[in-house]
Structures are given as C-alpha cells and as structure tokens.
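Work through the exercises below with the model open. Each task is followed by a solution in steps.

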Amino acid sequence: MKTKILKQLSEQDSYISGQELCDQFGVSRTAIWKVMNQLKEEGYIIESVPNKGYHLVSKPDILSKNEIESGLDTKWAGRKLYYFDETGSTNDDVKRFAEEGDPHGTLVVADKQNAGRGRRGRTWVSEKGDNVYFSIALKPDMSPNNASMLTLVMALAVTKAIREETELEALIKWPNDIVVNHKKVCGMLTEMTMELDYIHEVVIGVGININQTSFPEEIQQNASSLYVEGGKKIMRSALLQKVMRFFEQYYEQFMETQDLSKLIPEYNQLLVNLDTGVKVLDPKGEYEGVARGVDEQGQLLVEKDGEIIKVYAGEVSVRGFYGYV
Ligand code: BTN
C-alpha cells in the first residue's frame with residue numbers, strides 16, 4: 001500500500017483526498033494517516049489540508065525500496081527487488097538470491113557496500129549516502145560465450161539513463177566504464193556462474209558515482225561524479241529507474257539475435273573511443289591503434305597499420321594515448 005500511495009502522490013500535482021485513498025485500499029483514515037507520517041519521517045514533504053487531502057510538495061534524494069518501486073515501469077527488470085542500507089557486495093547478494101531461486105531480473109540495490117569489488121580484484125570503495133550500487137541477475141538461455149556482451153548492453157543503458165536524467169554527455173569507455181568529460185563516473189563488474197555448457201546466472205554489478213564530492217587520492221585524477229561534473233544534485237532512485245527501463249529494452253533487442261547487431265549504431269555513437277587513438281594493454285604485448293567501434297560480438301575494432309584487429313575484452317584494457325581516455 002505504501003508504494004502505491006507514494007506512486008499516486010508522485011504522479012499527481014493536485015491533492016488526493018484521504019477518503020479516496022481509504023476507499024481505494026479499503027482501510028481506515030487512521031491507516032492512511034499512518035502511512036503519510038511514515039513517509040514524512042523518511043523525508044518526503046507532504047502537505048495535508050482539511051477537506052482537500054494530501055499533496056507531495058517535494059522529495060529529497062531518497063534511496064529506498066518504496067521509492068524505487070513506486071517509479072519502476074519495467075516488466076521484469078528490478079521487479080523482484082531487494083534494498084539494503086548496507087551490505088557486503090550486491091554482486092554476491094544477487095548471485096545468492098538467484099541461486100536460491102529468485103527470477104531473471106532480480107535486482108539488489110545498496111546505499112553502502114563494505115566489500116564492494118571492482119575489476120581485476122580491486123576494491124570498489126562504496127561510501128553511503130551519495131551513490132548507488134546495484135546488481136542485476138540474469139538467466140538468459142544462451143551460450144556462455146555470449147555473456148560478456150551483456151556488459152555492453154548495460155553500459156548502453158546506463159549511458160542513456162544518465163543522458164536523459166541529467167544534461168551531461170555521458171559516453172562509454174569500452175567495455176566497462178562510463179565517462180563524463182573524460183572522467184570515470186561508473187564502473188561495472190560482470191560475473192557468471194555456469195555448469196557444463198549452460199548459464200546459471202549472469203550478474204552485472206554497477207557502481208555509479210552520483211552525488212559524491214571527494215575521491216580517494218589513488219583515483220582522484222580519473223574519477224568524478226555526476227554532481228561534480230554537472231553541478232546539480234541527482235535523485236538516485238529516478239536514475240536507477242531509468243537504467244532499468246533502458247536495460248530491459250536493450251536486453252530484449254539483444255536477445256532477438258543474441259548479439260549486438262541491433263545496438264551497434266547507438267553504441268558506437270556513444271563510444272568515447274570512437275576514431276581516437278588507443279593503447280591496447282594486451283598481456284601478450286602492448287600496441288597502439290585507432291578504435292573504429294565495436295562489432296556484433298562486442299569486440300573493439302582497432303585499426304593498426306591498415307589492418308583491423310578485433311580486441312576481446314577479457315584480458316585487455318584500453319587507454320588513451322595520454323591517459324585514461
Ligand atoms: C570497476 O570499474 O572496477 C568495476 C566496479 C563495479 C562496482 C559495482 S558496485 C555494485 C556491484 N557490487 C560490487 O561489489 N561491485 C559492483
């Protein structure tokens with residue numbers, strides 16, 4: 001009931017009468033009044049006027065199960081939702097829930113992680129209050145070889161959501177990062193559990209630096225947040241709802257062919273590396289070339305001495321000639 005009331009309050013500019021809500025939910029006026037008080041305690045500014053009803057005047061940046069659910073317009077992405085004020089790692093949580101039987105699209109969101117993991121065994125510092133850390137579990141019926149492409153699908157969704165929710169020109173740094181003004185604002189960690197030749201689940205974990213204002217020294221040079229870059233505070237739940245909407249849409253397009261063929265034009269348009277010089281940090285030997293976009297398998301096409309080399313994400317990192325991008 002609380003989520004539904006919140007949804008109605010958020011969608012309506014005028015007053016909703018208490019009686020109307022009572023009739024709708026078949027509860028007493030006191031029950032409605034209690035829900036309103038709970039919402040006020042959570043930080044929502046709600047005006048109540050006798051004979052008129054309730055009106056949501058404003059809401060601060062609230063990350064909660066109710067707030068996320070009240071504005072989620074997806075069919076399956078995030079429909080099963082867990083929210084934690086604090087956890088170890090949302091990747092670990094969602095993996096466990098999916099193994100225990102939770103459905104495709106289950107989402108775990110946290111305000112703080114105590115054991116956030118980054119790529120290559122690094123830690124992902126996950127302080128509370130400013131950012132969002134989430135992981136979605138997918139159970140696609142496809143070959144494990146195709147799973148890494150799902151990271152690119154998520155990257156596209158996050159980039160589009162940032163662009164829609166803010167005025168920032170977010171771009172994708174192939175394959176796992178999102179950048180704004182050449183600084184990293186988001187990282188992703190995709191993990192897969194498989195048995196023989198089929199996928200149990202693929203987990204995509206995403207950390208977006210949203211309203212954070214200071215960064216540890218080691219990452220200061222290349223890291224930023226949407227707030228630092230745009231100067232405007234961002235509603236974390238609203239951004240997350242958009243990520244889920246875009247992700248569901250792109251995922252369905254992806255699954256039609258189980259490759260990126262339908263998404264390539266849009267992806268390449270948002271690729272920060274497109275037609276720029278890149279340094280490919282291949283464990284077998286570093287080389288330089290010009291990035292020409294991705295192919296339908298999600299490999300980066302790098303032109304070197306007139307030839308195209310297909311770079312597979314797995315072991316390789318890509319840098320700009322003079323720095324991170
Ligand atoms: C990277 O850029 O190194 C990847 C960072 C991935 C961080 C996210 S935050 C949510 C999810 N849970 C984790 O422990 N890691 C991912």
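Asp275 sits in the loop between α9 (264-269) and β10 (277-281). The model is predicted.

**Exercise 1. Backbone at two aspartates**

Task: Find the sign of phi at Asp275 and at Asp305, then classify the exposure of Asp275 and Asp305.

Solution.
- Step 1. Phi of Asp275 is near 60°. That is a positive value in a residue other than glycine.
- Step 2. Set this against the usual case: most residues other than glycine have a negative phi.
- Step 3. Take the accessibility of Asp275. The relative value is 48%, so Asp275 counts as partly exposed. The class runs between the 20% and 50% cut-offs.
- Step 4. Move to Asp305, in the loop between β12 (300-304) and β13 (307-311). Phi of Asp305 is near 50°, again positive in a non-glycine residue.
- Step 5. Asp305 has a relative accessible area of 70%, so Asp305 is exposed.

**Exercise 2. A peptide bond to check**

Task: State whether the bond from Trp174 to Pro175 is cis or trans, and place Pro175 in the fold.

Solution.
- Step 1. Read omega for the bond from Trp174 to Pro175. Omega is near -5°.
- Step 2. Assign the bond: it is cis. For reference, most peptide bonds are trans.
- Step 3. Locate Pro175. It belongs to the loop between β6 (171-173) and β7 (177-180).

**Exercise 3. The ligand site**

Task: Describe the shell around the ligand: how many residues surround it, and which are closest?

Solution.
- Step 1. Count the shell. The ligand is surrounded by 20 residues. Ser89, Gln113, Arg117, Arg119 and Lys184 are the closest.
- Step 2. Sort the shell by class. There are 10 polar, 6 nonpolar and 4 charged residues.
- Step 3. List the polar contacts, with Thr90 as a start. An N or O atom in the Thr90 side chain is 3.2 Å from a nitrogen atom of the ligand.
- Step 4. Turn to the backbone. A backbone N or O atom of Arg117 is 2.7 Å from a ligand oxygen atom. For Arg119, a backbone N or O atom also lies 2.7 Å from an oxygen atom of the ligand.
- Step 5. Work out the cover. Alone, the ligand exposes 420 Å². The protein buries 98% of that area.
- Step 6. Identify the site. The space that the ligand takes is the largest pocket.
- Step 7. Map the shell onto elements. Those giving two or more residues are α5 (90-99), β5 (132-138), β8 (183-195) and β9 (198-208). The largest share, 4 residues, comes from β8.

**Exercise 4. Two asparagines in loops**

Task: Is Asn209 buried or exposed? Which backbone oxygen does its side chain reach? Then place and classify Asn114.

Solution.
- Step 1. Asn209 is in the loop between β9 and α7 (226-230).
- Step 2. Its relative accessibility is 7%, which means Asn209 counts as buried. The cut-off for buried is under 20%.
- Step 3. The Asn209 side chain reaches the backbone oxygen of Ser224 at 3.0 Å.
- Step 4. Asn114 lies in the loop between β4 (107-110) and β5.
- Step 5. With 48% relative accessibility, Asn114 counts as partly exposed.
- Step 6. Add a distance. Asn114 and Ser126 are 12 residues apart in sequence, and their C-alpha atoms are 6.9 Å apart.

**Exercise 5. Sequence separation and distance in space**

Task: Classify Lys128, Val153 and Trp33 by exposure, and give a C-alpha distance from each.

Solution.
- Step 1. Lys128 is in the loop between β4 and β5. The relative accessibility is 54%, so Lys128 counts as exposed. The cut-off here is over 50%.
- Step 2. Lys128 and Glu248 are 120 residues apart in sequence. In space, C-alpha to C-alpha, the separation is 27 Å.
- Step 3. Val153 is part of helix α6 (residues 149-165). At 0% relative accessibility, Val153 counts as buried.
- Step 4. From Val153 to Leu138 is 15 residues along the chain and 12 Å between C-alpha atoms.
- Step 5. Trp33 belongs to helix α3 (residues 29-42). Its relative accessible area is 48%, so Trp33 is partly exposed.
- Step 6. Trp33 and Tyr54 are 21 residues apart in sequence and 9.6 Å apart, C-alpha to C-alpha.

Terms used. Residues are numbered from 1 along each chain as its sequence is written. This is a predicted model: local features need pLDDT of at least 70, side-chain atom pairs count only at pLDDT 80 or more; totals for chains, interfaces and linings use all residues. Side-chain values use heavy atoms; hydrogens and water are left out. A residue is near a molecule or strand if one of its heavy atoms lies within 4 Å of it. A polar contact is a pair of N or O atoms within 3.5 Å; within protein, one must be able to donate a hydrogen and the other to accept it, and residues adjacent in sequence count only if both atoms are side-chain atoms. Accessible areas come from the Shrake-Rupley method with a 1.4 Å probe; for residues, only the protein chains shown count as cover. On a 1 Å grid over the protein atoms alone, a cavity is a set of points where a 1.4 Å probe fits but cannot get out, and a pocket is an open set with protein on both sides within 12 Å along at least five of seven lines; lining residues have an atom within 4 Å of a point. A molecule sits in a cavity or pocket if more than half of its atoms lie within 2 Å of its grid points. Ala, Val, Leu, Ile, Met, Phe, Trp, Tyr, Cys and Pro count as nonpolar, Asp, Glu, Lys and Arg as charged, and the others, Gly among them, as polar. Buried means under 20% relative accessible area, exposed over 50%, partly exposed in between (1.4 Å probe, protein chains only).
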